[in-house]
Amino acid sequence: APFAFPGDPAFYRPLGVRKEFDIFMLGQFSSLSASTATKAYILDTLCAEGFSVFAAGVGLTQLAIRKEFPHLRKLNILKGAVVPIEEANEFYNKSKIVLATGHPRDKGGLHPRVVEGALSGSFVLADAPVSMREYFGEAITTFDSIRDLSAKISYYLAHEAERERQAAEAHAIALRRYTYRSCAHEMLSFIFPSLSAHHTRHS
């Protein structure tokens, strides 16, 4: 599998709690960079379309009152500060759809929020890096425009069984490929191929 930022299943894991939030985004919103502006535009548009949207992260409270994004006043801000890992996992678990948007510098790589959301057992909807299929196959749904995003949110909110089946597939893949342990093993196998062969013979 291609390299991705790993997550820790000791922190990001299913909790078996009720899904209270239709759409959730966790992020850093303190500086109005290209990445923050993109996330703000997405959240603002979804709020304008009448979706129930939740978010958490540094800078959200200040962002929500900017005149450039008038519909963010409808945003449900769960926390406008740094979100501890345990709390982030709880937010993911309570979400029907986790929105994961990358940064322009990622250049098609896998955003850490994708792995975190998948390890938590929630359905992840991500912007479309070219290599997403290499990472998760069909287990992560992607969008390539705001219209596409809106349509897919509507579809998956209405199809719970399909949403949860896909979330379970992504969770299994993340546990197998994108934990610190699995990534360390893959790196060592690349550096020391004989070690990998020895491990295969004795497993």
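Strand 1 (21-26) is mostly covered, with five of its six residues buried (under 20% relative accessible area, where exposed is over 50% and partly exposed lies in between; 1.4 Å probe, protein chains only). Strands (E, at least two residues) and helices (H or I, at least four) are DSSP runs, numbered from the N terminus. The model is predicted: local features need pLDDT of at least 70, side-chain atom pairs count only at pLDDT 80 or more, and totals for chains, interfaces and linings use all residues. Residues are numbered from 1 along each chain as its sequence is written, and side-chain values use heavy atoms, with hydrogens and water left out.

Strand 1 pairs in the parallel sense with strand 4 over four bridges. Two strands count as paired if DSSP finds at least two bridges between them. Met25 stands opposite Leu99 in strand 4. Strand 1 also pairs in the parallel sense with strand 2, again over four bridges. Here Leu26 has Ala56 of strand 2 as its bridge partner. The chain crosses from strand 1 through helix 1 to strand 2, and this β-α-β crossover is right-handed. That is, with the strands pointing away from the viewer, the path from the first strand over the helix to the second runs clockwise.

These pairings belong to an open sheet of six strands. The strand order is 3-2-1-4-5-6, with parallel pairing. Strand 3 (76-79) and strand 6 (141-143) are the edge strands, and each pairs on one side only. The twist averages 30 degrees from one strand to the next. Axes are lines fitted to C-alpha atoms, for helices over the stretch in contact, and angles run from 0 to 180 degrees between N-to-C directions. Strand 5 (residues 123-127) pairs with strand 6 in the parallel sense over three bridges. Ala126 has Thr142 of strand 6 as its bridge partner.

Helix 1 (residues 34-48) has 15 residues. Its first and last C-alpha atoms are 21 Å apart, close to the 21 Å expected at 1.5 Å a residue (1.5 Å times one less than the number of residues). Its buried residues include Ile42, Leu43, Leu46 and Cys47. The buried residues of helix 1 pack against strand 1, strand 2, helix 2 (60-63), strand 4, strand 6 and helix 6 (contact: heavy atoms within 4.5 Å). Gly50 follows helix 1, with a positive phi near 90 degrees.

Two further helices lie across the strands. Helix 3 (residues 85-93) lies across strands 1, 2, 3 and 4, running at about 145 degrees to strand 1. Helix 6 (residues 146-158) lies across strands 1, 4, 5 and 6, at about 150 degrees to strand 6.
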